[in-house]
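Let's take a walk through this model together. Have the viewer open and follow along from the overall fold down to single side chains.

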Amino acid sequence: MALKAITGHGRSQKDVAEFLEDWAGYIECFRENESVALNKAIAAIRNVTIEAMRKMENTEQQLSASRSTFENVSATSTQPLPTLIYFKCQPYADLSERNFVMRLGVLTASEKPSIVLRIVKKEEHDEEMAQELAIKVSQAIAGDGEEIAVVIGSYAAGR
């Protein structure tokens, strides 16, 4: 539930840092395939600097005009900001433990930066967990040698 709650949309630096602190035993952080110590990753998330540079060029000729704009925005920190966060957990009771990889992104459009965590291949994880559950349900209700078909899908009342 905590993983689902923190991923998919912009969160404050405080929310993401506290998530990492609360679930420290389940988390590993990486930047460019190198491990980042969790305490350094948390410090980096708590202290993000946004630098923005804008360059405008305008040229006026007798029969033409040319305008170009260049904008560069970067997010940095005094500590190495992780780009990938691995969260290893048992997603639901009786399902196998799995390793969820999250990409970390920084949104810079507003006054304060927002951190976005996105699960890599989320749909693949969902499908694998559904298949594992279907097998467990089939085995639990099947008798001696019987095979029970389990349908995977979603249900919405009133549809």
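**From the core to the surface**

Ser68 makes a good place to drop in: with a relative accessibility of 39%, this residue counts as partly exposed. You'll find Ser68 in strand E4, which covers residues 65–77. Keep in mind that you're looking at a predicted model. Leave out the neighbours within four places in sequence, and Ser68 is in contact with Lys55, Met56 and Glu57. Glu57 sits 11 residues away along the chain, yet the C-alpha atoms of Ser68 and Glu57 are separated by 5.3 Å.

Now zoom out. The protein has four helices and seven strands, and reading along the sequence gives you the pattern α-α-β-β-α-β-β-β-β-β-α. There are 159 residues, of which 27% count as buried. About 11400 Å² of the protein is exposed, with carbon and sulfur atoms supplying 48% of that area. As for how the chain comes together, take the contacts between residues at least 6 apart in sequence: 51% of them join residues at least 24 apart.

So much for the outline; on to the inside. The largest nonpolar core has 27 residues, and those with the most contacts inside it are Leu20, Ile27, Ile45, Ile85 and Met102. Helices H1 (2–6), H2 (13–22) and H3 (38–46) each give two or more residues to this core, as do strands E1 (27–31), E5 (84–89), E6 (98–107) and E7 (114–119). The largest share, five residues, comes from H3.

Click on Ile85 for a closer look at the packing. Not counting residues up to four places away in sequence, Ile85 touches Leu20, Ile27, Glu28, Cys29, Phe100, Val101, Met102, Leu104 and Leu117.

Cys29, one of those contacts of Ile85, is buried, with a relative accessible area of 2%. Cys89 counts as buried too, at 12% relative accessibility. What about disulfides? The structure holds zero of them.

Next, the charged pairs. A search of the whole structure turns up six salt bridges; let's visit some of them. Glu128 pairs with Arg98, and their closest N and O atoms are 2.3 Å apart. This pair links distant parts of the chain, since Glu128 belongs to helix H4 and Arg98 to strand E6, 30 residues apart. Is Arg98 buried or exposed? Arg98 counts as buried because its relative accessible area is 11%, under the 20% cut-off. Its partner Glu128 is partly exposed, at 38%.

Another salt bridge joins the side chains of Glu97 and Lys88, at 4.0 Å from N to O. Here Glu97 is exposed, with a relative accessible area of 52%, while Lys88 is partly exposed at 43%. Then there's Arg11 with Asp15, whose closest N and O atoms lie 3.5 Å apart. Both ends of that bridge are partly exposed: Arg11 has a relative accessible area of 23% and Asp15 one of 30%.

Finish on the outside. Leu133, Val137, Ile141 and Val150 form a nonpolar patch on the surface, and together they have about 320 Å² of accessible area. Pick out Ile141, which is in helix H4 (residues 122–141). Ile141 counts as exposed because its relative accessibility is 54%, and the cut-off for exposed is over 50%.

Methods. Residues numbered from 1 in each chain as written. Predicted model: local features only at pLDDT ≥ 70, side-chain atom pairs only at ≥ 80, totals over all residues. Heavy atoms only, no water. Disulfide = S-S within 2.5 Å. Buried < 20%, exposed > 50% of the residue type's maximum accessible area, 1.4 Å probe, protein only. Patch = residues over 30% accessible without salt bridge, like charges linked within 9 Å, V, L, I, M, F, W, Y side chains within 5 Å. Areas by Shrake-Rupley, 256 points an atom, 1.4 Å probe, with all protein chains shown as cover. Core = buried A, V, L, I, M, F, W, Y, C linked by side-chain atoms within 4.5 Å. Contact = heavy atoms within 4.5 Å.
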